[in-house]
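Biologist: Could you take me through one part of this model closely, the sheet and whatever sits around it? I'd like one connected walk, with the odd backbone spots and the charged pairs included.

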Amino acid sequence: MKRLTFAVAVLTVCAAFSTSISAQRPDAPRRSGLNPESRTPIENAPLPNDDEEQRILNALEQARQGPRYANVSETDGRLLRLLTEFSNAKLVVEIGTSTGESGLWFALALRKTGGKLITHDIDPRRAKIAAENFRKAGVDGLITIVLGDAHETVKNIEGPIDILFLDADKDNYLDYLDKLVPKLRPGGLIIAHNMVSPAPDPRYLEAITKNPDLETSFLLMDAAGIGVTMKKR
């Protein structure tokens with residue numbers, strides 16, 4: 001009964017979040033009268049409740065002033081933080097470090113859950129920027145950056161993984177899924193970015209929607225789009 005209650009609670013959080021704030025991609029054109037990070041008129045800025053959280057939010061703001069490359073929007077990042085902290089995740093695996101903004105959102109939760117992030121990227125320059133952003137935020141002790149081809153480096157992950165975040169090499173999400181779902185704990189989550197733009201791989205969509213061992217919901221689909229898939233217990 002506890003497991004069923006937890007699964008229902010996760011889906012409730014996801015549904016509530018998807019109907020509250022809708023994000024626009026940071027690199028998308030502004031629409032008249034709209035905040036580029038949100039399409040709601042509701043004021044909902046992140047509010048730190050301690051000095052550590054303030055330091056991470058400050059680092060996020062500084063990171064946005066530097067090279068952006070491909071990063072999640074604030075709204076997407078807040079969803080990552082919510083799901084991670086709510087599920088009390090201990091191990092998060094990220095494919096696509098970029099310059100570390102998503103990693104900082106994960107760190108906001110992991111500092112409370114006692115967990116860690118293993119993030120993979122193939123670009124040394126981006127990884128170097130991310131490492132500096134993590135240092136500025138004071139969360140570098142929670143995060144391990146793995147440099148190289150993630151299709152190969154993920155083979156070294158022992159698990160169990162609580163959350164898998166896919167945000168790189170969009171055409172090959174299916175390969176990451178195949179390699180890492182066996183290491184994902186029952187009840188764990190696969191969060192896939194860019195379910196709208198750029199267009200997702202139809203093979204990945206079929207894999208997460210036609211497998212009876214997985215339960216998937218699509219959120220924030222008026223922006224980049226996020227797929228949240230649970231590995232059933």
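Modeller: Here's a walk through the sheet, then its loops, then the salt bridges.

Keep in mind that this is a predicted model. For orientation, the protein has 8 helices and 7 strands, and 50% of its 233 residues are buried. If you take contacts between residues at least 6 apart in sequence, 73% of them join residues at least 24 apart. The accessible surface adds up to about 11100 Å², with 53% of that belonging to carbon and sulfur atoms.

Now the sheet itself. What order do the strands take in it? Reading across, you get β3-β2-β1-β4-β5-β7-β6, in an open sheet with mixed pairing. The edges are β3 (143-147) and β6, and each has a single partner strand, so one side of each goes without a neighbour in the sheet. On average, neighbouring strands are turned by 15 degrees against each other, direction ignored. As general background, strands in a sheet pair through backbone hydrogen bonds, either parallel or antiparallel.

Start at the β3 edge. Strand β2 (residues 116-121) pairs with β3 in the parallel sense, over 5 bridges. If you want a register marker there, I118 stands opposite T144 in β3.

Move over to the other side and you meet helix α8 (residues 202-209). This helix lies across β4 (161-166), β5 (184-193), β6 and β7, and runs at about 125 degrees to β6.

The loops around these strands hold some backbone geometry you'll want to look at. The general expectation is that most residues other than glycine have a negative phi, and most peptide bonds are trans. Leading into β4, the peptide bond from G159 to P160 is cis, with omega near 0 degrees; P160 sits in the loop between α6 (150-153) and β4. There's another cis bond between S197 and P198, where omega is about -5 degrees. P198 belongs to the loop that runs between β5 and α8.

Then come the positive phi values. S98 isn't a glycine, yet its phi is about 50 degrees. You'll find S98 in the loop between β1 (91-95) and α4 (101-113), and at 5% relative accessibility S98 counts as buried, because the cut-off for that is under 20%. L220 also has a positive phi, near 50 degrees, again in a residue other than glycine. L220 is part of the loop between β6 and β7 and is buried, with a relative accessible area of 3%.

That β6-β7 loop is worth a second look. M221 has its place there too, between β6 (214-219) and β7 (226-231). Is M221 buried or exposed, or something in between? At 36% relative accessibility, M221 counts as partly exposed. Together with V196 and F218, M221 forms a nonpolar patch on the surface, and the three have about 220 Å² of accessible area together.

On to the charged pairs, starting inside the sheet. R185 forms a salt bridge with D162, and the closest N and O atoms are 2.5 Å apart. R185 is in strand β5 and D162 in strand β4, so to speak a link between distant parts of the chain, 23 residues apart. R185 and D162 are both buried. Another salt bridge joins the side chains of K170 and D167, at 2.6 Å from N to O. In that pair K170 is partly exposed, at 23% relative accessibility, whereas D167 is buried, at 10%.

Away from the strands, there's a helix-to-helix pair to add. The side chains of E53 and R81 meet in a salt bridge at 3.2 Å, N to O. E53 lies in helix α2 (residues 51-65) and R81 in helix α3 (residues 74-86), so this pair ties together parts that are 28 residues apart in sequence. E53 is buried, with a relative accessible area of 5%, and R81 counts as buried at 17%. Salt bridges that share partners also pull D50, E52, E53, R81, E85, R111 and K112 into one network. In total, the structure holds 16 salt bridges.

Terms used. Residues are numbered from 1 along each chain as its sequence is written. This is a predicted model: local features need pLDDT of at least 70, side-chain atom pairs count only at pLDDT 80 or more; totals for chains, interfaces and linings use all residues. Side-chain values use heavy atoms; hydrogens and water are left out. Helices (H or I, at least four residues) and strands (E, at least two) are DSSP runs, numbered from the N terminus. Buried means under 20% relative accessible area, exposed over 50%, partly exposed in between (1.4 Å probe, protein chains only). Contact means heavy atoms within 4.5 Å. Accessible areas come from the Shrake-Rupley method with a 1.4 Å probe; for residues, only the protein chains shown count as cover. Patches are made of residues with over 30% relative accessible area and no salt bridge: like charges are joined within 9 Å, nonpolar side chains (Val, Leu, Ile, Met, Phe, Trp, Tyr) within 5 Å. A salt bridge is a side-chain nitrogen of Lys or Arg within 4 Å of a carboxyl oxygen of Asp or Glu. Two strands pair if DSSP finds at least two bridges between them. Axes are lines fitted to C-alpha atoms, for helices over the stretch in contact, and angles run from 0 to 180 degrees between N-to-C directions.
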